[in-house]
Amino acid sequence: MSSFAKEIVSFVQAGLKERACAEKAPAMAAYMKNRMPFYGVQKPERMAIYKHLKKHFVPADRKEYEAAIKALWKLSMREERYTAIEFAKMHNQFVTVDSLALYEQMIRDGAWWDLVDDLAIQIVSCIYRAERKTMKPIIEKWVNDDDMWIRRTAILAHNHHKKETDSKQLFAHCLLRADEEEFFIRKAIGWALREYSYTDPKAVSRFLISNRKRLSGLSFREGAKQLIRSGQLLL
């Protein structure tokens, strides 16, 4: 482990231990199906650690950036993994396709929504939007991946693109995965459609109505939620 990564790990662990709450930790772990132990430090209390990291631990290059993320990710407590993701998001200059292999491994290894969704929407989606030509075939491959969390990421990677959304690909991906019974895929389809409905409500309305029999009830309800609320989709 590099000296830079060691310093970050030392700082993060000290900060989390200082703020640890033994009373909160069991409930936080239970909410995440006891996949990892928690210090019991909720996000508002972690923010001071994140702010200090951003100001005082700036990686000199991609090697330092990735080494720090890997070092934090390998630790045993859930909040340390949250911090690894936050650190990854802090340094936009390195959030590019060149670090995609690392993010992909984190998604496969994390394999739960609290880790995957942040990586999908705040990192992979940003790379896709900025490097569409390179990322498009990767997303096409991911939406067919054997790993459900990679497929979920491929769908959620369309979020926050607004007018730059590749609607043809988004709709195609929703239909491609529409027959899946997996809750997290059905939810992702609805989430992506709802997100895009803020930008192009007519297109999403047409898609929902035309494919109502193909989409699961969950996907349809989630995708239509904002449209129904605003009176743009009448059932």
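**Entry 1. Arginines over rings**

I started with Arg132 and found that it lies over the face of Tyr128, at 4.7 Å from the ring centre. The model I am reading is a predicted one. I then looked up Arg212, which lies over the face of Phe220 at 4.5 Å from the ring centre.

**Entry 2. His161**

Tyr128 and Arg132 led me to His161, since I wanted its contacts. Leaving aside neighbours within four places in sequence, I list Ser125, Tyr128, Arg129 and Arg132 as in contact with His161. I placed His161 in the loop between helix 9 (148-156) and helix 10 (167-176). Is His161 buried or exposed? I noted a relative accessible area of 1%, so His161 is buried. I also checked His161 against Arg186: they are 25 residues apart along the chain, and their C-alpha atoms are separated by 20 Å.

**Entry 3. Phe220 and helix 13**

I went back to Phe220, the ring under Arg212. Phe220 sits in helix 13. Its relative accessible area is 5%, under the 20% cut-off, so I put Phe220 down as buried. Phe220 and Ile189 are 31 residues apart in sequence, and I read 8.5 Å between them in space, C-alpha to C-alpha.

I then took helix 13 as a whole. It covers residues 217-229, which is 13 residues. Does its length fit, or what span should it have at 1.5 Å a residue? I expected 18 Å, and the end C-alpha atoms are 17 Å apart, which agrees. I did find a kink of about 35 degrees in helix 13, centred on Gly223. Gly223 is also among the buried residues of the helix, which I list as Leu218, Ser219, Phe220, Glu222, Gly223, Ala224, Gln226 and Leu227. These buried residues pack against helix 11 (183-197) and helix 12 (201-210). Just after helix 13, I noted that Gly231 takes a positive phi of about 75 degrees.

**Entry 4. Aromatic pairs**

I looked up the aromatic pairs next, and the structure holds 12 of them. One of them is Tyr65 with Phe94, at 5.1 Å centre to centre and 35 degrees between the planes, which is a tilted pair. Tyr65 lies in helix 4 (residues 62-73), while Phe94 lies in the loop between helix 5 (78-90) and helix 6 (100-110), so I note that the pair ties together parts that are 29 residues apart in sequence. I checked both for burial. Tyr65 is buried, with a relative accessible area of 0%, and Phe94 is buried at 10%.

I compared this with Phe183 and Phe184. Their ring centres are 5.2 Å apart and their planes stand at 80 degrees, so I call this pair edge-to-face. Phe183 counts as partly exposed at 44% relative accessibility, whereas Phe184 counts as buried at 13%. I followed the ring pairs outward from here and found that they link Trp112, Trp149, Phe183 and Phe184 into a cluster.

**Entry 5. Helix 5**

I looked up helix 5 because its record of cover caught my eye: 12 of its 13 residues are buried, and the helix is mostly covered. I wrote the buried ones down as Arg78, Glu79, Glu80, Arg81, Tyr82, Thr83, Ala84, Ile85, Glu86, Phe87, Ala88 and Met90. What covers them? The cover includes helix 1 (3-19), helix 2 (25-31), helix 3 (43-56), helix 4, helix 6 and helix 7 (113-130). I ran the length check here too: at 1.5 Å a residue the 13 residues should span 18 Å, and the end C-alpha atoms are 19 Å apart, which agrees.

**Entry 6. The chain as a whole**

I finished with the overall figures. I count 13 helices and 0 strands in the protein chain. Of its 235 residues, 54% are buried. Along its principal axes the C-alpha trace spans about 55 × 40 × 30 Å. I asked what radius of gyration a compact globule of 235 residues would have. The rule gives a value near 18 Å, and the protein chain has 19 Å, which agrees. Last, I looked at contacts between residues at least 6 apart in sequence, and 72% of these join residues at least 24 apart.

Methods:
Residues are numbered from 1 along each chain as its sequence is written. This is a predicted model: local features need pLDDT of at least 70, side-chain atom pairs count only at pLDDT 80 or more; totals for chains, interfaces and linings use all residues. Side-chain values use heavy atoms; hydrogens and water are left out. Helices (H or I, at least four residues) and strands (E, at least two) are DSSP runs, numbered from the N terminus. The expected span of a helix is 1.5 Å times one less than its number of residues. The bend at a residue is the angle between axes fitted to the seven residues ending there and the seven starting there. Buried means under 20% relative accessible area, exposed over 50%, partly exposed in between (1.4 Å probe, protein chains only). Contact means heavy atoms within 4.5 Å. Rings of Phe, Tyr and Trp (its six-membered ring) pair if their centres lie within 6.5 Å; planes under 30 degrees apart count as stacked, over 60 as edge-to-face and the rest as tilted. A charge sits over a ring if NZ of Lys or CZ of Arg is within 6 Å of the ring centre and within 35 degrees of the ring normal. The radius of gyration is taken over C-alpha atoms; the globule rule is 2.2 Å times the number of residues to the power 0.38.
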